[in-house]
Amino acid sequence: KEIELNEAEWTIIKAIWENEPCTAPAIQQELEKKTAWTYSTVRTLMDRMVVKGLLAAKKERNVTLYSSTVTRAQARLS
């Protein structure tokens, strides 16, 4: 089943596929030059993607690790 992602979600999930499991700061650093997004922007987007079921978040001590729940085959830019 295809899952439609908006442009911001698409940008984030591509970075996560390359680095998973990963942290929000790592994704923010990865995307900073391309998007100029702040950490809080990236964290908010990633947390919303968890709520939508696009990402999984696992807390380990004081770090949250994110991984995708959507495959490249399922994802589609809306």
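Helices H1 and H2 are oblique to each other in this predicted model, because the angle between them, about 135°, lies outside the ranges that count as roughly parallel, roughly antiparallel or roughly perpendicular. Their axes are 10 Å apart, and H1 passes H2 in a right-handed crossing. If you follow the contacts between the two helices, you will find Thr11, Ile12, Ala15, Ile16 and Asn19 on the H1 side. Their partners in H2 are Ile27, Glu30, Leu31, Lys34 and Thr35.

Now let us move along to H2 and H3. Here the axes come within 9 Å and cross at roughly 120°. That angle makes H2 oblique to H3, and this crossing, too, is described as right-handed. H2 contributes Ala24, Pro25, Ile27 and Gln28 to the meeting, while H3 brings Tyr39, Val42, Arg43 and Met46.

Gln28 deserves a pause. This residue of helix H2 has a relative accessibility of 12%, so it counts as buried, the limit being under 20%. Setting aside residues up to four places away in sequence, Gln28 touches Trp37, Thr38, Tyr39 and Val42.

What do the helices share in the interior? In soluble globular proteins, nonpolar side chains tend to be buried together. The largest nonpolar core in this model has 21 residues. Ile12, Ile13, Ile16, Ile27, Trp37, Met46 and Leu55 are those with the most contacts inside it. Two or more residues of this core come from each of helix H1 (7–19), helix H2 (24–35) and helix H3 (39–51). H1 gives the most, with six residues.

Leu55, one of those well-connected core residues, is a good place from which to look further along the chain. Beyond its neighbours within four places in sequence, Leu55 is in contact with Ile13, Ile16, Met46, Met49 and Val50, and also with Tyr66, Ser67, Ser68 and Thr69.

One of these partners, Ser68, brings us to the last stop: this residue is in strand S3, which covers residues 63–68. Is Ser68 buried or exposed? With a relative accessible area of 18%, Ser68 is buried, because the value falls under the 20% limit. Leaving out residues up to four places away in sequence, Ser68 touches Ile13, Ile16, Trp17, Glu20, Leu54 and Leu55. With Trp17 there is also a polar contact, in which the two side chains are joined at 3.3 Å. Ile13 and Ile16, both touched by Ser68, are also among the core residues with the most contacts.

Methods: Residues numbered from 1 in each chain as written. Predicted model: local features only at pLDDT ≥ 70, side-chain atom pairs only at ≥ 80, totals over all residues. Heavy atoms only, no water. Helix = DSSP H or I, 4+ residues; strand = E, 2+ residues; numbered from the N terminus. Buried < 20%, exposed > 50% of the residue type's maximum accessible area, 1.4 Å probe, protein only. Polar contact = N/O pair within 3.5 Å; in protein donor to acceptor, adjacent residues only side chain to side chain. Contact = heavy atoms within 4.5 Å. Core = buried A, V, L, I, M, F, W, Y, C linked by side-chain atoms within 4.5 Å. Axes fitted to C-alpha atoms, helices over the stretch in contact; angles between N-to-C directions. Parallel < 35°, antiparallel > 145°, perpendicular 65-115°, else oblique. Left-handed = near helix turned anticlockwise from the far one by under 90°.
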